[in-house]
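Student: Please take me closely through one part of this model, and explain the reasoning at each step. I should like to see how the individual residues there relate to one another.

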Amino acid sequence: GCAFYNILSGILRGMGDSFSALAFLLLATVLNIGLDVWFVAGFGMGVAGVALATVLAQGISAALCLIKLLCMRDVFDLTPAALRLRRDSALRIVRIGVPSGIQNALYSVGIMVMAPLINRCGTVFVAGYNAAVKVDGFVFMPEQSLAT
């Protein structure tokens, strides 16, 4: 669900329709929260209910992205012939994507290395670190959006 949404919303944004991708994400978020409450409080499903709510919400957002793309037949062709991999396009995508992927992977590895060290410092330190990471994420978001 999540990977499917990310791929399809990336296509939508690449075609200049960032509003629909955002709207579907907001809808999925609200739906996820509502389903969380319903499955956990209403049905007493616990963690399984939270997981099910997340999968359903992400699946719905992915389906909405797909429906939107299928309705854009004048600019987006989803036939097998149009989806054929072209060598020049694939090489360009790899040339752009690999450095970005390596950068994101190194960031994730850094977080995994830091996590055990930070967890040893006590709950107050961990809470402060997590708050700083959230602020850093919000500060970094506009730059990341422009880079994307």
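**From an aromatic cluster to the largest pocket**

Tutor: In this predicted model, Trp 38, Phe 39 and Phe 43 are joined into a cluster by pairs between their rings. A pair of aromatic rings is described by how far apart the centres lie and by the angle between the planes. Two rings count as a pair if their centres lie within 6.5 Å, and by this rule there are three aromatic pairs. One of them is formed by Trp 38 and Phe 43, with 5.1 Å from centre to centre and 45° between the planes. This pair is called tilted because 45° is neither under 30 degrees nor over 60. As for the surroundings of Trp 38, its relative accessible area is 48%, so the residue is classed as partly exposed, the range between buried (under 20%) and exposed (over 50%).

Let us turn to the largest pocket. Its space amounts to about 630 Å³. Two elements give two or more residues each to its lining, namely α4 (87-119) and α5 (123-147). The lining consists of 13 residues, and those nearest the centre of the pocket are Gly 137, Phe 140, Met 141, Gln 144 and Ser 145. By character, the lining residues comprise five nonpolar, six polar and two charged. The element that gives the most is α5, with seven residues.

This helix deserves a further look. α5 contains 25 residues and spans 35 Å between its first and last C-alpha atoms, close to the expected 36 Å. Nevertheless, α5 bends by about 40° at Met 141, and Pro 142 follows within four residues. Met 141 thus has two roles in this account: it marks the bend of α5, and it is among the lining residues nearest the centre of the pocket.

The other contributing helix, α4, offers a useful contrast in accessibility. Pro 116 belongs to α4, and so does Ile 118. Pro 116 has a relative accessibility of 41%, so it counts as partly exposed. Ile 118, by comparison, is buried because its relative accessible area is 6%, under the 20% limit.

Finally, consider distances along the chain and in space. Pro 116 and Leu 91 are 25 residues apart along the chain, and their C-alpha atoms are separated by 38 Å. Ile 118 and Tyr 129 are eleven residues apart, and between their C-alpha atoms there are 7.9 Å.

Terms used
Residues numbered from 1 in each chain as written. Predicted model: local features only at pLDDT ≥ 70, side-chain atom pairs only at ≥ 80, totals over all residues. Heavy atoms only, no water. Phe/Tyr/Trp six-rings, centres within 6.5 Å; stacked < 30°, edge-to-face > 60°. Buried < 20%, exposed > 50% of the residue type's maximum accessible area, 1.4 Å probe, protein only. 1 Å grid on protein atoms, 1.4 Å probe; cavity = no way out; pocket = protein on both sides within 12 Å on 5 of 7 lines; lining within 4 Å. Points joined across faces, edges and corners; volume = space filled by probe spheres on them. Nonpolar A, V, L, I, M, F, W, Y, C, P; charged D, E, K, R; others polar. Expected span 1.5 Å × (residues − 1). Bend = angle between axes of the 7 residues up to and from the residue.
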